[in-house]
Amino acid sequence: MRVAVIGGGPGGLYAAALLKRLDPARAITVWERNAPDDTFGFGVVLSDETLGGIEHADPVVYAALRDEFVRWDDIDIVHRGERHTSGGHGFAALGRRRLLEILHDRCRALGVELRFSSEAPPAAELMSSYDLVVAADGVNSLTRGAYDHVFRPHVVTHHCRYVWLAADFAFDAFRFEIAETEHGVMQLHGYPYSADSSTVIIEMREEVWKAAGFEELDEQESVERCAKVFADALGGRSLRSNKSAWISFRTVVNERWWHGNLVLLGDAAHTAHFSIGSGTKLAVEDALALAACLEEQPSLEQALAAYEEERRPVVASTQRAARASLEWFENLNLYLDQPARQFAFNLLTRSRRVTHDNLRLRDAHFTANVEREFGCPPGTPPMFTPFRLRGLTLRNRVVVSPMDMYSAVDGVPGDFHLVHLGARALGGAGLVMTEMVCVSAEGRITPGCAGLYTGRQAEAWKRITAFVHAQAPGTAIGVQLGHSGRKGSTKLMWQGMDEPLEDGNWPLVAASSLPYKPRSQTPRALSRAQLTDIREQFTAAAWRAARCGFDLLELHCAHGYLLSGFLSPLTNQRTDAYGGSLDRRLRFPLEVFDAVRSVWPEERPMTVRISATDWAEGGNTGDEAVEIARAFAAHGADAVDVSTGQVVAEEQPEYGRSYQTPYADRIRHETRIPVIAVGAISSWDDVNSLILAGRADLCALARPHLYDPHWTLHAAAEQGYTGPGVSWPAPYRAGSRRPQTGRTDAPKPRLTLGT
């Protein structure tokens with residue numbers, strides 16, 4: 001096999017060395033446009049996991065790296081003059097130039113041909129004369145660009161500028177330092193990479209960079225300005241550069257990683273923000289996987305397909321974490337007023353890869369101090385602290401999220417609803433929410449939706465609230481009121497979600513006469529008189545809800561239902577006083593809110609669920625969500641339940657763990673309104689992390705409560721918590737400890753005898 005490698009960075013070099021080591025008969029050539037001693041950046045951080053892979057694949061390279069590494073455990077966060085240190089993290093770094101020297105030596109020793117200061121021939125030419133072409137030519141990959149119709153790259157440029165610099169001394173920890181300047185917030189990321197040198201990255205938002213004049217400075221002037229801003233962190237020492245330019249980070253995602261005998265590797269295939277690790281780490285792991293797949297698979301095509309299949313989910317997970325970290329730093333100004341320890345905890349858990357439980361294991365003393373300052377009594381996880389909304393005090397921060405059950409008959413909740421909601425109330429959550437309860441028969445999503453537009457329905461709901469209050473004291477029950485709008489008259493979810501009924505349809509109404517899907521029924525645009533009728537339907541339902549004994553009322557203004565349809569410019573194309581600008585689009589939802597609040601008891605809280613983004617071009621974004629939340633708060637909303645999407649069928653959501661939480665986080669910090677975070681929050685560790693970091697006040701979980709109605713009780717048991725934040729029903733107390741299981745470990749050998 002003849003192999004061509006385009007790009008002599010760590011990923012390309014390591015791939016060449018591995019492929020040659022595994023089969024010395026391979027003829028491998030590496031093209032690198034720069035000289036052998038040219039490099040950009042200074043230090044490289046590798047994880048223990050990556051080093052373990054290197055150790056098994058090439059002990060020679062591992063031994064050389066091991067002798068060069070600087071290791072440390074601590075992270076320092078310096079904010080407003082306070083330094084807080086968290087230990088137990090474990091880092092290893094070395095100089096990028098030294099890393100390249102080690103890989104150059106290894107490649108030469110194995111017989112790889114290295115061509116420096118040489119542009120690689122065009123990829124098409126190499127593909128015709130080599131059996132395998134590895135494109136490791138970086139984020140600006142010309143190879144990827146030549147075949148962008150095949151790889152279909154998506155490149156997103158982000159909002160911060162950053163520059164790689166170095167200092168001639170070694171930090172004693174990974175250091176994050178925040179500088180609040182007259183121009184805006186700047187941050188320093190620093191770590192040692194040798195006994196006497198550290199990498200220093202200075203980062204700030206584009207507008208801050210311009211306001212501070214960096215756009216007008218040359219390289220040396222920028223270096224001196226940065227050293228002056230962070231003089232305390234540097235101990236008055238200078239910084240140095242190496243062709244260091246201010247750049248904006250770009251996230252690269254490719255729909256495909258290989259084409260014929262051409263394969264992408266490292267930054268050519270994907271990028272991840274430096275704040276969670278190293279692009280070098282990902283490139284080295286790519287090289288390991290590529291070499292392994294070529295050994296394991298019977299053909300080149302199968303090997304390249306297996307390589308992408310193995311690496312894509314790992315990289316996607318890393319990129320999601322990197323995106324969360326990147327956006328946290330982009331929005332750093334939101335968190336500046338947090339107490340210093342909470343700020344430090346928030347920073348450490350920003351990517352969601354380090355969590356409350358994980359950090360407690362790494363540094364119990366640090367985590368305990370954060371909990372104490374937050375107000376956690378001794379032995380109390382953050383999720384089991386109380387939270388007050390108006391006259392209602394919730395005993396913990398867990399909410400059973402509204403979930404449509406589509407199991408009512410003529411809008412009447414039956415035995416199923418009693419068991420469903422009753423079981424989850426017994427399960428320990430602080431607040432249990434009903435599904436969206438419709439305010440009229442025409443406002444149902446499906447024939448199985450529950451309602452509160454008749455006395456019979458109200459009596460059935462009263463039976464459920466009475467059960468919750470009598471059998472699960474301490475658990476509150478809330479009702480969510482809504483109207484389906486243009487998304488009504490559809491089949492039950494398991495029969496065809498959002499598909500119109502085959503018969504028995506009812507007429508639909510909406511802000512504008514726009515169907516949800518091409519096959520959906522087209523709604524009528526509401527007249528002024530109809531708006532009044534619907535407002536009165538909401539008011540009547542709220543009046544009934546109060547008499548049913550619900551503790552909290554939530555107005556559903558999300559997911560493309562009627563009120564949400566007024567808020568989004570994609571679904572509201574009215575030309576009257578209820579359409580156009582955001583203020584006008586808010587008008588009818590606010591009128592409904594005011595009408596409901598006027599009949600809802602003063603001491604009981606009201607919340608609003610919104611879609612914080614439409615996930616579609618031209619729709620609402622996080623910016624509008626902040627203003628929508630402010631508007632409802634100004635009208636008396638006690639909290640905002642922050643969901644996203646489901647407004648238009650052509651949406652493009654960016655799913656992932658806790659993927660909607662950043663919207664709740666932003667609303668909470670920009671508006672100071674309590675928020676309920678919802679969406680792919682699945683573990684009690686996630687809840688503890690979000691609450692303690694100050695990203696949410698309450699966490700709503702749906703599917704976890706379908707999987708386990710007693711999710712909150714089990715969360716308490718698994719954490720060894722027995723305080724007032726949760727209470728096992730008396731008949732269940734015998735099960736308040738995790739059941740014993742059989743041993744899964746085998747006895748260890750007592751003796752090891754030599755032969």
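User: What do the side chains of Asp 357 and Arg 360 form?
Analyst: In this predicted model, the side chains of Asp 357 and Arg 360 meet in a salt bridge, at 2.4 Å from N to O.

User: Where do the two residues lie?
Analyst: Both Asp 357 and Arg 360 lie in helix H14, residues 356-362. They are 3 residues apart, about one turn of the helix.

User: Is Asp 357 buried or exposed?
Analyst: Asp 357 is buried, with a relative accessible area of 19%; the cut-off for buried is under 20%. Its partner Arg 360 is partly exposed, at 38%.

User: How many salt bridges does the count come to?
Analyst: The count comes to 43 salt bridges. One of them joins Glu 119 to Arg 33, with the closest N and O atoms 3.8 Å apart.

User: Which parts does that pair of Glu 119 and Arg 33 tie together?
Analyst: Glu 119 lies in the loop between S8 and helix H5 (123-129), and Arg 33 in the loop between S2 and strand S3 (43-46), so the salt bridge ties together parts that are 86 residues apart in sequence. Glu 119 counts as exposed, at 54% relative accessibility, whereas Arg 33 counts as partly exposed, at 48%.

User: And Arg 240, which residue does it form a salt bridge with?
Analyst: The partner of Arg 240 is Asp 168, and their closest N and O atoms are 2.6 Å apart. This pair also links distant parts of the chain, 72 residues apart. Arg 240 is in the loop between helix H10 (231-234) and strand S14 (247-254), while Asp 168 is in the loop between strand S10 (153-167) and strand S11 (174-181). Arg 240 is partly exposed, with a relative accessible area of 30%.

User: Which residues are linked with Arg 80 in a network of salt bridges?
Analyst: The network links Arg 80 with Glu 180, Asp 337 and Arg 672. Arg 80 also sits in the turn of the hairpin formed by S5 and S6, where it has a positive phi of about 50°.

User: How many bridges join strand S5 to strand S6?
Analyst: Strand S5 (residues 75-79) and strand S6 (residues 82-86) run antiparallel and are joined by 5 bridges. Asp 76 stands opposite Thr 85 in S6, and 2 residues lie between the two strands of the hairpin.

User: Changing topic to the open sheet: what is the order of its strands?
Analyst: Its 6 strands follow the order S8-S2-S1-S9-S16-S15, with mixed pairing. The edge strands are S8 (113-116) and S15 (258-259), each of which pairs on one side only.

User: Do S2 and S8 run parallel or antiparallel, and which residue of S8 stands opposite Val 30?
Analyst: S2, residues 27-32, runs parallel to S8, and 4 bridges join them. Val 30 stands opposite Leu 114 in S8.

User: Which helix packs on the sheet?
Analyst: Helix H1 (residues 10-22) packs on the sheet, touching strand S1 (2-6), S2, S8 and strand S9 (132-135). The direction of H1 makes about 170° with that of S2.

User: What does UniProt list for residues 2-319?
Analyst: An unreviewed UniProt entry lists residues 2-319 as "domain: FAD-binding". Over residues 2-319 the chain is 39% helix and 31% strand, and the end C-alpha atoms are 32 Å apart.

User: Last one: how many residues of helix H13 are buried?
Analyst: Helix H13 (residues 340-348) is mostly covered, with 8 of its 9 residues buried. Among them are Phe 343, Phe 345, Leu 347 and Leu 348.

Notes:
Residues are numbered from 1 along each chain as its sequence is written. This is a predicted model: local features need pLDDT of at least 70, side-chain atom pairs count only at pLDDT 80 or more; totals for chains, interfaces and linings use all residues. Side-chain values use heavy atoms; hydrogens and water are left out. Two strands pair if DSSP finds at least two bridges between them. Contact means heavy atoms within 4.5 Å. Axes are lines fitted to C-alpha atoms, for helices over the stretch in contact, and angles run from 0 to 180 degrees between N-to-C directions. A salt bridge is a side-chain nitrogen of Lys or Arg within 4 Å of a carboxyl oxygen of Asp or Glu. Buried means under 20% relative accessible area, exposed over 50%, partly exposed in between (1.4 Å probe, protein chains only). UniProt positions are given in the numbering used here, feature names are shortened, and annotations may be inferred rather than shown by experiment.
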